[in-house]
Amino acid sequence: MKEINRKHPIKHYLMAFIASTIIFILISLISYSISYLNYRDISSRNNVINDYINDLSGYISELNCSNQLLFDSSERLDEVGFKMSILENRFGKDDVRVISQKKLYTQLELNHFNIVREFNNKCNTSFNTIIFFYSNKKEVKDENERVGFVLSTLKNKWPEDVMIYSFDYNLDSYLIYDLKSKYKVIDTPFVLVNERDKVEVKNIKDIERLIK
Amino acid sequence: MEFYHVLIYILAYIGFFAIAYYVISLFTYYKNKEIDGESTDKKVSILIPAYNEEEGIARTIESALSLDYPRDKLEIIVVDDGSHDDTYKIAKTFISSKNSIVKVFTKKNNGKASALNFGIEKSKGEIIVSMDADSFVNPDALKKMVYFFKNKEVMSVSPSMGVYKPKNILERIQHIEYYMGVFLRKSFATVNAIHITPGAFSAYRKEFFLKHGGYDEKNITEDLEVALRIQRYGYIIENAPKAVAYTIVPKTFRPLMIQRRRWYVGLINNLWEYKDLISPKKGPLGLVVLPVAIITVILSLILTVYSIIRSLIQVRNELISLSAINFRFNDAFEINQFVFSQFFYQLFSSPIFLISFIFAIIMAFYLRFSRHQMRYSENIRLNLFLFLFFYSFLFSFWWIISFLYAILNKKVIWRKE
């Protein structure tokens with residue numbers, strides 16, 4: 001059997017290796033940069049919400065019962081919540097930036113929740129509040145996502161009557177520990193309507209019959 | 001990171017490496033070599049094995065006769081492999097005089113390889129060209145292929161294969177697939193790594209058959225086996241991208257499945273038989289081309305099966321969620337700006353989307369190269385769309401079936417009866 005010279009310049013392999021590595025790194029950088037833009041967007045939105053909530057506190061103390069500010073801030077909270085889930089998927093739930101934004105978001109949600117409660121008392125309104133504890137742990141993720149989907153639909157259906165507050169059960173934050181202890185949350189998904197009725201959500205009607 | 005993503009990244013990295021390597025080799029080749037030429041200095045025998053080909057045989061012989069090649073250096077040998085129809089009768093009509101360059105033989109049916117071996121025995125040419133009875137060639141194809149035989153180490157030359165007048169969805173998908181093959185075959189040729197010579201129209205030096213035996217009559221992909229044998233013996237297989245041959249591809253799903261099953265089971269069996277070629281000693285063929293091909297097929301299959309299972313689970317979860325909200329389709333289309341911005345973030349922050357985007361650009365480059373070589377100018381947008389949408393599913397399906405056939409050692413039908 002004859003053998004021809006099959007040697008191929010090693011520099012071709014090296015060049016291919018370098019080119020493919022550069023392409024791969026570029027792709028990672030681009031996608032990471034876009035995720036970072038999203039992160040920046042969330043940070044600035046959190047500030048906006050904070051301003052809204054401060055304004056809202058002022059309005060309530062002056063006994064100004066305009067709903068609009070409440071709706072606006074609630075809408076923005078929902079937007080940030082949605083963006084947060086994208087950020088979490090991209091950077092991972094243990095990422096320091098995700099955790100810090102989540103803690104801030106939790107604080108804002110809680111402030112909003114307290115204001116809605118106060119608003120209901122002072123302005124004789126009946127906004128329904130729903131507290132939702134979820135977990136991203138693999139074994140319960142599907143079930144939690146299903147309940148989250150039901151709650152999103154409920155919010156879309158009754159945007160002016162329902163305020164939903166989602167909290168990460170596993171977030172290492174004193175706010176979460178306090179809430180878990182206050183509402184006796186021991187597993188997820190946990191849904192509490194108007195601070196009274198704990199609901200096992202199988203169908204949207206399970207919640208609809210409890211809201212005013 | 002999910003298993004799914006890890007698999008996609010590994011596949012993408014291997015893909016980028018292989019493509020970068022092929023492109024670098026191609027550029028170096030075109031920079032250092034005389035690109036192509038034409039030659040008619042060798043006597044050529046075109047062998048057309050035919051079995052029940054009464055519909056297309058006349059067109060194929062006419063195409064061979066239309067080749068721009070000196071008549072005194074060309075012979076066309078039709079071997080009727082015991083057809084039950086009028087193939088032999090129709091082929092005979094081309095023998096118009098004693099000086100005709102067409103010769104027609106008939107023999108007991110024993111398969112394509114046996115018909116080709118019969119033709120080799122009867123041939124007088126220095127170069128043997130195998131031509132399927134449902135193929136056509138451009139008139140300048142042969143002299144462009146013969147040109148490469150000026151190098152004595154070259155034992156075979158393959159052309160660019162195109163699809164003849166694609167009309168329906170499956171033909172259009174195969175049209176783009178054949179285009180991809182044009183680029184890849186030339187890239188492989190630049191590093192002598194061609195491992196498949198298309199049976200539809202390929203040229204061989206007769207000397208190889210005389211020294212190392214004819215076609216393997218027990219092999220279901222005899223053309224593939226010859227190519228691997230040429231590689232094992234250390235010769236060169238060249239490619240003439242500007243030599244264009246066309247084939248009629250299967251129009252419906254079942255014949256296409258039968259064809260692919262034969263090709264892929266043949267590939268598995270032959271690669272196992274010639275596993276010694278997967279070695280660094282065999283240069284780029286053994287170090288890059290064959291390992292990348294094998295790894296890509298295996299990972300793609302795992303990925304497809306996993307994706308299908310994953311999608312089914314997602315659909316199930318989606319249905320459970322939709323039933324939990326008493327879903328009505330009328331409410332489903334509440335799209336607003338926010339949804340669009342989220343769609344943008346989700347899409348572009350996913351490396352998988354960017355990887356797909358870059359592969360699409362690479363594919364456009366492949367197509368441009370192939371169309372330029374084949375001087376093809378018709379619009380292929382629809383074909384490309386169909387290819388992008390359906391090919392990966394078809395490819396995986398063919399491979400899964402073929403693997404099952406190979407593992408279970410089931411008999412593979414190899415042609416129409």
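**Close-up views of a predicted two-chain model**

Helix α8 (residues 222-232) of chain B is mostly covered, with 10 of its 11 residues buried. The model shown in this and the following views is predicted.

**View 1. Helix α8 of chain B and the residue that follows.** The buried residues of α8(B) are B:E222, B:D223, B:L224, B:E225, B:V226, B:A227, B:L228, B:R229, B:I230 and B:Q231. Acidic, basic and apolar side chains thus appear together in this list, among them B:E222, B:R229 and B:I230. Just after the helix, B:G234 adopts a positive phi of about 80°.

**View 2. The open sheet of chain B.** Eight strands form an open sheet in the order β3-β2-β1-β4-β7-β6-β8-β5 (chain B), and the pairing is mixed. The edges are taken by β3 (102-106) and β5 (135-137) of chain B; each has a single partner strand, so one side of each is left without a neighbour in the sheet. On average, neighbouring strands of this sheet are turned by 30° against each other, direction ignored.

**View 3. Strand β8 of chain B between its two partners.** Strand β8 (residues 236-247) of chain B and the edge strand β5(B) run antiparallel and are joined by 3 bridges. Within this pairing, B:S135 stands opposite B:T247, and B:V137 has B:A245 as its bridge partner. Towards β6(B), β8(B) is joined by 8 bridges, and these two strands run parallel. Here B:G162 stands opposite B:Y246 of β8(B). Of the 12 residues of β8(B), 11 are buried, so the strand is largely enclosed by the rest of the structure.

**View 4. Helix α6 of chain B against the sheet.** Strand β8 of chain B and β6(B) are joined by 8 bridges. Helix α6 (residues 169-190) of chain B packs on the sheet and touches both β6 (154-163) and β8 of chain B. The direction of the helix makes about 155° with that of β6(B).

**View 5. Surroundings of B:E177.** B:E177 is found in helix α6 of chain B. Its relative accessible area is 14%, and B:E177 is therefore buried, the cut-off being under 20%. Leaving aside neighbours within four places in sequence, B:E177 is in contact with B:R260, B:Y264, B:F387, B:Y391 and B:W398. An aromatic cluster is formed by B:Y264, B:F387, B:Y391, B:F395, B:W398, B:W399 and B:F403. B:R260 lies over the face of B:W398, at 4.6 Å from the ring centre. The glutamate B:E177 thus contacts both B:R260 and B:W398.

**View 6. An aromatic pair between the chains.** The count of aromatic pairs over all chains comes to 34. One of them is the stacked pair of A:Y13 and B:Y21, with 5.0 Å centre to centre and 5° between the planes. This pair crosses between chains: A:Y13 belongs to helix α1 (residues 10-61) of chain A, and B:Y21 to helix α1 (residues 3-32) of chain B. Both tyrosines, A:Y13 and B:Y21, are buried.

**View 7. An aromatic pair at strand β5 of chain B.** B:F136 and B:Y164 form a tilted aromatic pair, 4.6 Å centre to centre and with 40° between the planes. The pair links distant parts of the chain, 28 residues apart: B:F136 is in strand β5 of chain B, whereas B:Y164 is in the loop between β6 and α6 of chain B. B:F136 counts as buried, at 9% relative accessibility. B:Y164 is partly exposed, with a relative accessible area of 27%.

**View 8. Chain A and a lysine over a tyrosine ring.** Chain A contains 6 helices and 4 strands, which run α-α-α-β-α-β-α-β-β-α from the N terminus on. Of its 212 residues, 47% count as buried. Among contacts in chain A between residues at least 6 apart in sequence, 73% join residues at least 24 apart. The chain exposes about 11200 Å², of which carbon and sulfur atoms supply 54%. In the close-up, A:K180 lies over the face of A:Y169, at 3.9 Å from the ring centre.

Notes
Residues numbered from 1 in each chain as written. Chains lettered and ligands numbered in written order. Predicted model: local features only at pLDDT ≥ 70, side-chain atom pairs only at ≥ 80, totals over all residues. Heavy atoms only, no water. Pairing = 2+ DSSP bridges. Axes fitted to C-alpha atoms, helices over the stretch in contact; angles between N-to-C directions. Contact = heavy atoms within 4.5 Å. Buried < 20%, exposed > 50% of the residue type's maximum accessible area, 1.4 Å probe, protein only. Areas by Shrake-Rupley, 256 points an atom, 1.4 Å probe, with all protein chains shown as cover. Phe/Tyr/Trp six-rings, centres within 6.5 Å; stacked < 30°, edge-to-face > 60°. Lys NZ or Arg CZ within 6 Å of the ring centre and 35° of its normal.
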